[in-house]
Amino acid sequence: QVQLVESGGGLVQPGGSLRLSCSASGSIFSIHAMAWHRQAPGKQRELVARITSGGSTNYADSVKGRFTISRDNAKTTVYLQMNSLKPEDTAVYYCYGDVVSGGGEAYTYRGQGTQVTVSS
């Protein structure tokens, strides 16, 4: 069993910053790419940022230059530093991880989500 647990969401004023964290635990052999997606009310879920095990990153155009994705050395925790936040960044943010379990099975896991609200 593998779990991804997000933390760090909350309410912030426009122009402010938040740092999201997502930690993976359980029977993990390795984790390849990890990513953050978000879903705003009435909108489809969208990719925000992704990072591979080798450290390559890609971002949605809407967050380039404002958000930074990173991973810890053990590669089981992924972070999303969000700066210059805008009201349109308001959404539930989900962490995804491409995990190979201890039993050798590959599966994409998703966390429970954390709410980010940008409002004055």
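Colleague: Is E46 buried, partly exposed or exposed?
Modeller: The model is a predicted one. In this model, E46 has a relative accessibility of 33%. Buried requires under 20% and exposed over 50%, so E46 counts as partly exposed.

Colleague: With which residue does R38 form a salt bridge?
Modeller: R38 counts as buried, at 6% relative accessibility. Its salt-bridge partner is found where the closest N and O atoms are 2.6 Å apart. That partner of R38 is E46.

Colleague: Which residue forms a salt bridge with D89, and where in the chain does each of the two lie?
Modeller: The closest N and O atoms of the pair are 2.8 Å apart, and the partner of D89 is R66. This pair links distant parts of the chain, with the two positions 23 residues apart in numbering. D89 lies in the loop between strand 8 (77-82) and strand 9 (91-101), and R66 lies in the loop between strand 6 (57-59) and strand 7 (67-71).

Colleague: Are D89 and R66 buried or exposed?
Modeller: The cut-off for a buried residue is a relative accessible area under 20%. D89 falls in that class, and R66 does too. The word for both D89 and R66 is buried.

Colleague: Which residues do salt bridges that share partners join into one network?
Modeller: R38 and E46 form one of the salt bridges, and D89 and R66 form another. Through shared partners, salt bridges join these residues into one network. Its members are R38, E46, R66 and D89.

Colleague: How many salt bridges does the structure hold?
Modeller: Among them is the bridge of K64 with D61, in which the closest N and O atoms are 3.1 Å apart. D61 counts as exposed, at 64% relative accessibility. The number of salt bridges in the structure is four.

Colleague: Over which ring does the charged end of R19 sit, and over the face of which residue does R45 lie?
Modeller: The charged end of R19 is 4.0 Å from the centre of the ring of Y79. R45 is placed at 4.1 Å from a ring centre, that of Y94. The two rings are thus those of Y79 and Y94.

Colleague: Why is the pair of Y107 and Y109 edge-to-face?
Modeller: This is the one aromatic pair in the count. The ring centres of Y107 and Y109 lie 4.9 Å apart, which is within the 6.5 Å cut-off for a pair. Planes over 60 degrees apart count as edge-to-face, and the pair is edge-to-face because its planes stand at 70°.

Colleague: Are Y107 and Y109 exposed or partly exposed?
Modeller: The relative accessible area of Y107 is 53%, which makes Y107 exposed. For Y109, the relative accessibility is 21%. Y107 is therefore exposed, and Y109 is partly exposed.

Colleague: Which cysteines form the disulfide, and where do they lie?
Modeller: The structure holds one disulfide, and its sulfur atoms are 2.1 Å apart. It links distant parts of the chain, 73 residues apart. Each cysteine is buried, with a relative accessible area of 0% for C22 and 0% for C95. The two are C22 in strand 3 (residues 18-26) and C95 in strand 9.

Colleague: What is the torsion about the S-S bond of C22 and C95?
Modeller: The handedness of the disulfide follows from this torsion, and the disulfide is left-handed. The torsion about the S-S bond is about -80°.

Colleague: What is the order of the four strands in the open sheet?
Modeller: The pairing in this sheet is antiparallel. Strand 1 (2-7) and strand 7 are the edge strands, since each pairs on one side only. The twist from one strand to the next averages 15°. The order is 1-3-8-7.

Colleague: Which residue in strand 3 stands opposite S7?
Modeller: Strand 1 pairs with strand 3 in the antiparallel sense, over six bridges. Opposite S7, strand 3 places S21.

Colleague: Which residue in the turn between strand 4 and strand 5 has a positive phi?
Modeller: Strand 4 (residues 28-39) and strand 5 (residues 46-51) pair in the antiparallel sense over five bridges, and W36 stands opposite A49 in strand 5. The two strands form a hairpin with six residues between them. The positive phi in the turn is about 75°, and the residue is G42.

Colleague: Which residue takes a positive phi in the hairpin of strand 5 and strand 6?
Modeller: Strand 5 and strand 6 run antiparallel and are joined by three bridges. A49 stands opposite Y59 in strand 6. Five residues lie between the strands of this hairpin, and the one with a phi near 95° is G55.

Key:
Residues numbered from 1 in each chain as written. Predicted model: local features only at pLDDT ≥ 70, side-chain atom pairs only at ≥ 80, totals over all residues. Heavy atoms only, no water. Phe/Tyr/Trp six-rings, centres within 6.5 Å; stacked < 30°, edge-to-face > 60°. Buried < 20%, exposed > 50% of the residue type's maximum accessible area, 1.4 Å probe, protein only. Lys NZ or Arg CZ within 6 Å of the ring centre and 35° of its normal. Salt bridge = Lys/Arg side-chain N within 4 Å of Asp/Glu carboxyl O. Pairing = 2+ DSSP bridges. Disulfide = S-S within 2.5 Å. Axes fitted to C-alpha atoms, helices over the stretch in contact; angles between N-to-C directions.
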